[in-house]
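Reader: I have a model open and some terms I do not follow. Could we go through them one at a time?

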Amino acid sequence: MSGDRGEMRTRKRRHIDVCLAEDVSYHQVTTGLERYRLPYNALTQTNLEDVDLSVDFMGSRLCAPVLVGAMTGGAELSGIINRNLATAAQRLGIGMMLGSQRVMLDSARGERAAGSFAVRDVAPDVLLFGNIGLSQFTKDAVPDIVGALDRVGADVLAVHTNPLQEAMQQHGDTDFAGSLDRLHDVAPMLDYPVLLKEVGHGIGAAAVAQLLRCTGEQPVAGIDVAGAGGTSWSRVEQLVRYGELRHPDLAEWGIPTAQALLEVRAALPEIPLVASGGIRTGMDAARALALGADVVAVARPLLGPAIESAGAATDWLQRFIDELRICLHGCGAGDLRALRGLGARLVI
């Protein structure tokens, strides 16, 4: 077991190194957000300074509809990254997702890794998402999952489903048989709301149909579509495992973020919804919000700044939020409700 966890810590560090040094983006697939235009209004009646970006999400009030996306944990550098990101999130009044806490599930052997997830001392007020894989989401693991969430002071549990990534990963968890039943059975056993998310290959109509198949009710409190068009974790895992891209077609596979967002919102009109996957600018965020997202999440663009300092991460996020605010102002929307009412126009 300790060998497995040592391998996991090494892989987490390799993930960071590859994401910093290599082009791990989709090369052919885009988010699809570029196909949509916000309606520009030259006679806007808004005051830029008064544009309200605040939103209620998963039981918390955010100053802007932005989450720091799930990135890392378990390696020494992960702790620096997470604390700098958490400090930035606290300063700006936004939310944050931790990376996978799988390494924490064994409380004894996970002791060394646990510190890399500890951020509450620098971010006491942040909406904080714990994170575990669907493969580890079992009835037997519930006490350990709750212990890991309690230990970091999480508000919500993000459960990530990532069959393509795991298939590319050496010694990955490739048996997803019965995982849907476990999701239905285990989620109600927790005192934490559960957010279902992908890692960058998309949740779309087919997955939502399966999610609703048993009772007609979704077993989760929210969904992060995590669509294709940003970081390809199939590409990342191949580079980590082989040092090269051996399956290029698999590195370009997924549901584009805009498509995933529209499909999930159509099937579940009221569910709290996160748009992530290739969200790189405030304009990307504005388009996603206009198409039905409640909040957006940003991950890889923050990796370099987060290694540098909390100030660098804060500055990046502030520029992102400032651009989002200008987008609302420019289309005549004084708040997020007005933006959603305007929508975004598909450009063929």
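Reader: Why are α2 and α12 called oblique to each other?

Author: This is a predicted model, in which local features need pLDDT of at least 70, side-chain atom pairs count only at pLDDT 80 or more, and totals for chains, interfaces and linings use all residues. Residues are numbered from 1 along each chain as its sequence is written, and side-chain values use heavy atoms, with hydrogens and water left out. The axes of α2 (residues 76–92) and α12 (residues 310–330) cross at roughly 45° and come within 8 Å. Axes are lines fitted to C-alpha atoms, for helices over the stretch in contact, and angles run from 0 to 180 degrees between N-to-C directions. Under 35 degrees counts as roughly parallel, over 145 as roughly antiparallel, 65 to 115 as roughly perpendicular, and the rest as oblique. The angle of roughly 45° is in none of the named ranges, so α2 and α12 are oblique.

Reader: What makes these residues count as a contact of α2 with α12?

Author: Contact means heavy atoms within 4.5 Å. N84, L85, T87, A88, R91 and L92 of α2 meet A310, G311, A313, T314, L317, Q318 and I321 of α12. They divide into 7 nonpolar, 5 polar and 1 charged. Here Ala, Val, Leu, Ile, Met, Phe, Trp, Tyr, Cys and Pro count as nonpolar, Asp, Glu, Lys and Arg as charged, and the others, Gly among them, as polar.

Reader: Which word describes α10 against α12, and why?

Author: Helix α10 (residues 282–290) packs on α12 at about 50°, with the axes 7 Å apart. That makes α10 oblique to α12 as well. The contact is made by G282, M283, A285, A286 and L289 of α10 with F320, E323, L324 and C327 of α12. By class this contact has 7 nonpolar, 1 polar and 1 charged residues.

Reader: How do you know that β9 and β10 pair?

Author: Two strands pair if DSSP finds at least two bridges between them. Strands β9 (residues 222–224) and β10 (residues 273–275) have 2 bridges, in the parallel sense, so the condition is met. L273 in β10 is the bridge partner of I223.

Reader: In what order do the strands of the barrel come?

Author: The 8 strands close in the order β4-β5-β6-β7-β8-β9-β10-β11, with parallel pairing. On average, neighbouring strands are turned by 25° against each other, direction ignored. Helix α2 lies across β4 (66–68) and β5 (95–97), while α12 lies across β4 and β11 (295–298).

Reader: What makes T44 and T46 a polar contact?

Author: T44 is in the loop between β1 (36–37) and β2 (55–57). A polar contact is a pair of N or O atoms within 3.5 Å; within protein, one must be able to donate a hydrogen and the other to accept it, and residues adjacent in sequence count only if both atoms are side-chain atoms. The side chains of T44 and T46 make such a contact at 2.7 Å, so the distance is within the cut-off. The T44 side chain also reaches the backbone oxygen of H329 at 2.9 Å.

Terms used
Helices (H or I, at least four residues) and strands (E, at least two) are DSSP runs, numbered from the N terminus.
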